[in-house]
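Got the viewer open and a selection box ready? Here is a walk through one protein, stop by stop.

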Amino acid sequence: MKKYFLFLFALTFLASCKSTVDTKSQVGIKGNWTLTDVSYDGSSYFNVKSFQIADAKCFEGSQWSFVSNNNKGTMELAKAGCPSASGEFMWTITPDQQFTLKFVGEGDKAKKVTAGFVLRVQNQTATSFELVDTANMGGKTTNIVYH
């Protein structure tokens, strides 16, 4: 009888837990991607430093790799006239389509890195997706869209 109640309690607990990741969206992003374009709401004349690395436009042509089963990835930036950069990161997608990204340095443990970025995933298909960041430009909120 004791085992029955323990099983019932465990089953109730598991049923009440809400997932913190959107597994379907994460699996859809798995693989290697090229960032093809960066656009801004209403204008292309903004100078935005993305991910505290380089100007947003420098990310055009960058290579990204996402592994969904361990939420790790790599990024390489190599556009002419821009600084070269590469790095490893941890990522997740929540059920409300928030994409969290945290760069981890070589030898760093992800749980010890407290800074990161939260973007929004939109227009996800089998062959493309967009990440949307927001920035304050002259007192106005502007979307930066990574295609």
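Start at threonine 134. This threonine is partly exposed, because its relative accessible area is 45%, between the 20% and 50% cut-offs. One thing to keep in mind as you click around: this is a predicted model.

**Stop 1: around threonine 134**

Colour strand 10, residues 130-137, and you will find threonine 134 in it. Now show what touches this residue: apart from neighbours within four places in sequence, threonine 134 is in contact with Thr141, Thr142 and Asn143. Then pick the C-alpha atoms of threonine 134 and valine 145: they sit 8.7 Å apart in space, with their positions 11 residues apart in sequence.

**Stop 2: the whole chain**

Zoom out and switch to cartoon. You should be looking at 2 helices and 11 strands. In sequence order the pattern runs α-α-β-β-β-β-β-β-β-β-β-β-β. Of the 147 residues in the protein, 32% are buried. Among contacts with a separation of 6 or more, 42% are between residues 24 or more positions apart.

**Stop 3: the largest nonpolar core**

Select Phe51, Phe59, Trp64, Phe66, Phe89, Phe99 and Tyr146 and show their side chains. These are the residues with the most contacts inside the largest nonpolar core, which has 30 residues. Which elements give two or more residues to this core? They are strand 2 (38-40), strand 5, strand 6 (72-77), strand 7 (85-93), strand 8, strand 9 (117-122), strand 10 and strand 11 (140-146).

Stay with phenylalanine 99 for a moment. Leaving out neighbours within four places in sequence, its contacts include Phe66, Trp91, Phe117 and Leu131. Also on the contact list of phenylalanine 99 are Thr92, Ile93, Val118, Leu119, Arg120 and Val121.

**Stop 4: the largest pocket**

Turn on a surface and look for the largest pocket, which holds about 220 Å³ of space. Its lining has 15 residues, and those closest to the centre are Leu35, Trp64, Phe129, Leu131 and His147. Trp64 should look familiar, as it is also on the list of residues with the most contacts inside the core. To see where the lining comes from, colour strand 1 (31-34), strand 5 (63-67) and strand 8 (98-104): each supplies at least two residues. By type, the lining splits into 10 nonpolar, 5 polar and no charged residues.

**Stop 5: the disulfide**

Next, select cysteine 58 and cysteine 82 and show them as sticks. A disulfide joins the two, with 2.1 Å from S to S. This link connects distant parts of the chain, 24 residues apart: cysteine 58 is in the loop between strand 4 (54-55) and strand 5, while cysteine 82 is in the loop between strand 6 and strand 7. The structure holds 1 disulfide, so you can stop hunting for others. Are these cysteines buried or exposed? Both cysteine 58 and cysteine 82 are buried. Check the torsion about the S-S bond too: at about -80 degrees, it makes this disulfide left-handed.

Serine 84 is in the loop between strand 6 and strand 7 as well. Serine 84 is exposed, because its relative accessible area of 66% is over 50%. Try a distance from serine 84 to alanine 54: the C-alpha atoms are separated by 9.1 Å, with the two residues 30 apart along the chain.

**Stop 6: aspartate 22 and its partners**

Go to the loop between helix 1 (2-16) and helix 2 (23-29), where you will find aspartate 22. Why does aspartate 22 count as buried? Its relative accessible area is 17%, which is under 20%. Outside its neighbours within four places in sequence, aspartate 22 is in contact with Ile93, Thr94, Pro95 and Gln97. Proline 95 is 73 residues away from aspartate 22 along the chain, yet their C-alpha atoms are separated by 4.7 Å.

**Stop 7: two positive phi angles**

From aspartate 22, hop to its contact glutamine 97, in the loop between strand 7 and strand 8. Glutamine 97 has a positive phi, near 65 degrees, though it is not a glycine. It counts as partly exposed at 22% relative accessibility.

Finish at asparagine 123, in the loop between strand 9 and strand 10. This residue is not a glycine either, and its phi is positive at about 50 degrees. Asparagine 123 counts as exposed, because its relative accessibility of 52% is over 50%.

Methods:
Residues are numbered from 1 along each chain as its sequence is written. This is a predicted model: local features need pLDDT of at least 70, side-chain atom pairs count only at pLDDT 80 or more; totals for chains, interfaces and linings use all residues. Side-chain values use heavy atoms; hydrogens and water are left out. Helices (H or I, at least four residues) and strands (E, at least two) are DSSP runs, numbered from the N terminus. Buried means under 20% relative accessible area, exposed over 50%, partly exposed in between (1.4 Å probe, protein chains only). Contact means heavy atoms within 4.5 Å. On a 1 Å grid over the protein atoms alone, a cavity is a set of points where a 1.4 Å probe fits but cannot get out, and a pocket is an open set with protein on both sides within 12 Å along at least five of seven lines; lining residues have an atom within 4 Å of a point. Grid points are joined across faces, edges and corners, and a volume is the space filled by probe spheres set on the points. Ala, Val, Leu, Ile, Met, Phe, Trp, Tyr, Cys and Pro count as nonpolar, Asp, Glu, Lys and Arg as charged, and the others, Gly among them, as polar. A nonpolar core is a set of buried Ala, Val, Leu, Ile, Met, Phe, Trp, Tyr and Cys residues joined through side-chain atoms within 4.5 Å. A disulfide is a pair of cysteine sulfur atoms within 2.5 Å.
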